[in-house]
Amino acid sequence: MKKIEAVIKPFKLDEVREALSEIGVTGLTVTEVKGFGRQKGHTELYRGSEYVVDFLPKVKLEVVVKDELLDTAIDAIIKAARTGKIGDGKIFVFPVTQVIRIRTGETDEAAV
């Protein structure tokens, strides 16, 4: 099993969720986060004064998938989240050694 963490633009969340749902992903966790990458933030104008916004709002998705679904899930995220502009985000993949469903005690793939 693998854990996918994807940091994406907030307005792309619904498209990514739908794309993952279509390929059979049944659950995910979403966290509102702030950060920056190559775009290094941006400047905004407020009441005539310019100021720098260092951290941009992003959304972090976390989902655990079976190994055979990994490449399909990554492709679905990329296709749904891509705008072609800087700041589209990143995807990180981690190995998962154990999963336990608290309510039933199911483990590993049965718990996903």
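**Questions about a predicted fold**

Biologist: Let's start with lysine 2: does this residue count as buried, exposed or partly exposed?
Modeller: Happy to, with the reminder that this model is predicted. Buried residues have under 20% relative accessible area and exposed ones over 50%. Lysine 2 has 25% relative accessibility, so this residue counts as partly exposed.

Biologist: Which residue forms a salt bridge with lysine 2?
Modeller: The closest N and O atoms of this pair are 3.7 Å apart. Lysine 2 lies in strand E1 and the partner in the loop between E5 and H2, so the salt bridge ties together parts that are 65 residues apart in sequence. With 43% relative accessibility, the partner counts as partly exposed. The partner is aspartate 67.

Biologist: How many salt bridges does the structure hold?
Modeller: Let me show you some of them. Glutamate 15 and lysine 12 meet through their side chains at 3.2 Å, N to O; glutamate 15 is partly exposed at 40%, whereas lysine 12 is buried at 10%. Lysine 3 forms another salt bridge with glutamate 5. In total, the number of salt bridges is 6.

Biologist: Lys3 and Glu5 are linked in a network of salt bridges; which other residue is in that network?
Modeller: First, the pair you mention: the closest N and O atoms of lysine 3 and glutamate 5 are 3.2 Å apart. Lysine 3 is partly exposed, with a relative accessible area of 23%, and glutamate 5 is buried, with 15%. The network of salt bridges also includes Glu62.

Biologist: What arc do the buried residues of helix H1 cover around the axis?
Modeller: In H1, which runs over residues 13-22, the buried residues are Val16, Ala19 and Leu20. Their directions put them on the same side of H1, because the arc around the axis is only 95 degrees. As a general point, an α-helix has 3.6 residues a turn, so residues three or four places apart point the same way. For the buried residues of H1, the arc is 95 degrees.

Biologist: And what follows H1?
Modeller: Look at the backbone there: the residue has a positive phi, near 105 degrees. The residue that follows H1 is glycine 24.

Biologist: Within what arc do the buried residues of H2 fall?
Modeller: The buried set is Leu70, Ala73, Ile74, Ala76, Ile77, Ala80 and Ala81, while Asp71 and Lys79 are exposed on the other side of H2. Seen down the axis, the buried residues line one face of the helix, because they fall within an arc of 160 degrees.

Biologist: What do the buried residues of H2 pack against?
Modeller: H2 has 12 residues and reaches 16 Å from its first C-alpha to its last, close to the 16 Å expected. Its buried residues pack against helix H1 and some strands. The full list is E1, H1, E5 and E6.

Biologist: In what order do the 4 strands of the open sheet stand?
Modeller: The pairing is antiparallel, and the edge strands, E2 and E6, each pair on one side only. The twist averages 20 degrees from one strand to the next. E2 and E5 pair over 7 bridges. The order is E2-E5-E1-E6.

Biologist: Which strands does H1 touch as it packs on the sheet?
Modeller: The direction of H1 makes about 10 degrees with that of E5. What covers the buried residues of H1 includes E1, E5 and helix H2. On the sheet, H1 touches E1, E2 and E5.

Methods
Residues are numbered from 1 along each chain as its sequence is written. This is a predicted model: local features need pLDDT of at least 70, side-chain atom pairs count only at pLDDT 80 or more; totals for chains, interfaces and linings use all residues. Side-chain values use heavy atoms; hydrogens and water are left out. Buried means under 20% relative accessible area, exposed over 50%, partly exposed in between (1.4 Å probe, protein chains only). Helices (H or I, at least four residues) and strands (E, at least two) are DSSP runs, numbered from the N terminus. The arc is that of the directions from the helix axis to the C-beta atoms. Contact means heavy atoms within 4.5 Å. A salt bridge is a side-chain nitrogen of Lys or Arg within 4 Å of a carboxyl oxygen of Asp or Glu. The expected span of a helix is 1.5 Å times one less than its number of residues. Two strands pair if DSSP finds at least two bridges between them. Axes are lines fitted to C-alpha atoms, for helices over the stretch in contact, and angles run from 0 to 180 degrees between N-to-C directions.
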